[in-house]
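This report describes how selected helices pack in the structure shown below, and then turns to several buried residues in the connecting loops.

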Amino acid sequence: AFNNEMYNEVLEDLHAAAEDDHTVVTAITGAGRYFSSGNDLTSFAAVPQELEGRKQFSKIKGQRLIKFVDAFIEFPKPLVGVVNGPAIGIGCTILGLMDVVYASERATFHIPFTALALTPEACSSYTFPRILGPATANEMLLFNRKLTATEAAARGLVTAEVPHDTLDTEIWPKIAKYAQLPKNSLIYSKALVRGLEMELLKDLNRKESERLQERWISDEVFNEAAKFLRSRKK
């Protein structure tokens, strides 16, 4: 799950990869059975219940989210997702900001925002309808639909679905081959493909964060987080 430490580590790694002259293509994958299980909801249990405590918690989370998502929006080099298992929450929404996404047949894609009394993040309120089409995106964003890897590939969120047992042997050599391409040509080509949307996405990132900061101080969110944490203990 994404906790403070993981957010900071991913940010540092992205900045280092962007600045490193020897890095041509950057790939992100998960360790273990999951690509990502989403945000660490245990942080809600430690928040003071008075309004000022919630506001401080919300403000810090909102500022961190803006920086984190901006790093994906502004990343100048090709960014490849290698989804080795379930991608939930922020682990799913960031895929809409990547350039190419490969997925294991065991991968699933789930953004249960409204089930947790939350709202979209990582520009998914724009990228998912654009990539998946409004019908599927709205089922995911509003009604918590979970996509299989086959469905995600058919609708364009995933570039290719790969048998789980051959994910590593098939995809990493492919990425290594991409990394042999001329670096500046890739950077300039990505800038042309992505450049028109960059300011739109950064503006939306802030609007989504503002709405989430409102949600993060609400009783609705704290009640749903508590219910979720209780369900995990059963």
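In this predicted model, helices α4 and α8 lie oblique to each other. The angle follows from their axes, which cross at roughly 130 degrees and come within 9 Å. Helix α4 spans residues 124–132, and helix α8 spans residues 183–215. On the α4 side, the contact is made by Ser 124, Ser 125, Tyr 126, Thr 127 and Arg 130; on the α8 side, by Arg 194, Glu 197, Leu 200, Leu 201, Leu 204 and Glu 208. Sorted by class, the residues of this contact are four nonpolar, three polar and four charged.

**The buried face of α4**

Within α4, Ser 124, Thr 127, Phe 128 and Leu 132 are buried. Viewed down the axis of α4, these buried residues fall within an arc of 95 degrees, so they line one face of the helix. An α-helix has 3.6 residues a turn, so residues three or four places apart point the same way. The elements covering the buried residues of α4 include α3 (90–93), α5 (134–143), β6 (146–148), α6 (149–155) and α8. Helix α4 is followed by Gly 133, which has a positive phi near 90 degrees.

**Helix α5 and Thr 136**

The buried residues of α5 are Thr 136, Ala 137, Met 140 and Leu 141. They cover an arc of only 120 degrees around the axis, and are therefore on the same side of α5. Pro 134, Ala 135 and Phe 143, on the other side of α5, are exposed. The buried residues of α5 pack against α3, β5 (108–110), α4, β6 and α6. Just after α5, Asn 144 has a positive phi of about 65 degrees.

How is Thr 136 of helix α5 placed, buried or exposed? Thr 136 has a relative accessible area of 9% and is therefore buried, the cut-off being under 20%. Apart from neighbours within four places in sequence, Thr 136 is in contact with Arg 145, Leu 147 and Arg 155. With Arg 155, the side chain of Thr 136 forms a polar contact of 3.0 Å.

**Loop residues**

Two residues in the loop between β5 and α4 are Ala 122 and Cys 123. Ala 122 has a positive phi near 55 degrees, although this residue is not a glycine. Cys 123, likewise not a glycine, has a positive phi of about 65 degrees. Ala 122 is buried at 0% relative accessibility, and Cys 123 is buried with a relative accessible area of 0%.

Ser 218 lies in the loop between α8 and α9 (219–233). A relative accessible area of 15% makes Ser 218 buried. The C-alpha atoms of Ser 218 and Arg 145 are separated by 24 Å, and the two residues are 73 residues apart along the chain. Which backbone atoms does the side chain of Ser 218 reach? They are the backbone oxygen of Arg 215, at 2.6 Å, and the backbone nitrogen of Val 221, at 3.3 Å.

The polar contacts of Thr 136 and Ser 218 are listed together below.

| Side chain | Partner | Distance |
|---|---|---|
| Thr 136 | Arg 155, side chain | 3.0 Å |
| Ser 218 | Arg 215, backbone oxygen | 2.6 Å |
| Ser 218 | Val 221, backbone nitrogen | 3.3 Å |

Methods
Residues are numbered from 1 along each chain as its sequence is written. This is a predicted model: local features need pLDDT of at least 70, side-chain atom pairs count only at pLDDT 80 or more; totals for chains, interfaces and linings use all residues. Side-chain values use heavy atoms; hydrogens and water are left out. Axes are lines fitted to C-alpha atoms, for helices over the stretch in contact, and angles run from 0 to 180 degrees between N-to-C directions. Helices (H or I, at least four residues) and strands (E, at least two) are DSSP runs, numbered from the N terminus. Angles under 35 degrees count as roughly parallel, over 145 as roughly antiparallel, 65 to 115 as roughly perpendicular and the rest as oblique. Contact means heavy atoms within 4.5 Å. Ala, Val, Leu, Ile, Met, Phe, Trp, Tyr, Cys and Pro count as nonpolar, Asp, Glu, Lys and Arg as charged, and the others, Gly among them, as polar. Buried means under 20% relative accessible area, exposed over 50%, partly exposed in between (1.4 Å probe, protein chains only). The arc is that of the directions from the helix axis to the C-beta atoms. A polar contact is a pair of N or O atoms within 3.5 Å; within protein, one must be able to donate a hydrogen and the other to accept it, and residues adjacent in sequence count only if both atoms are side-chain atoms.
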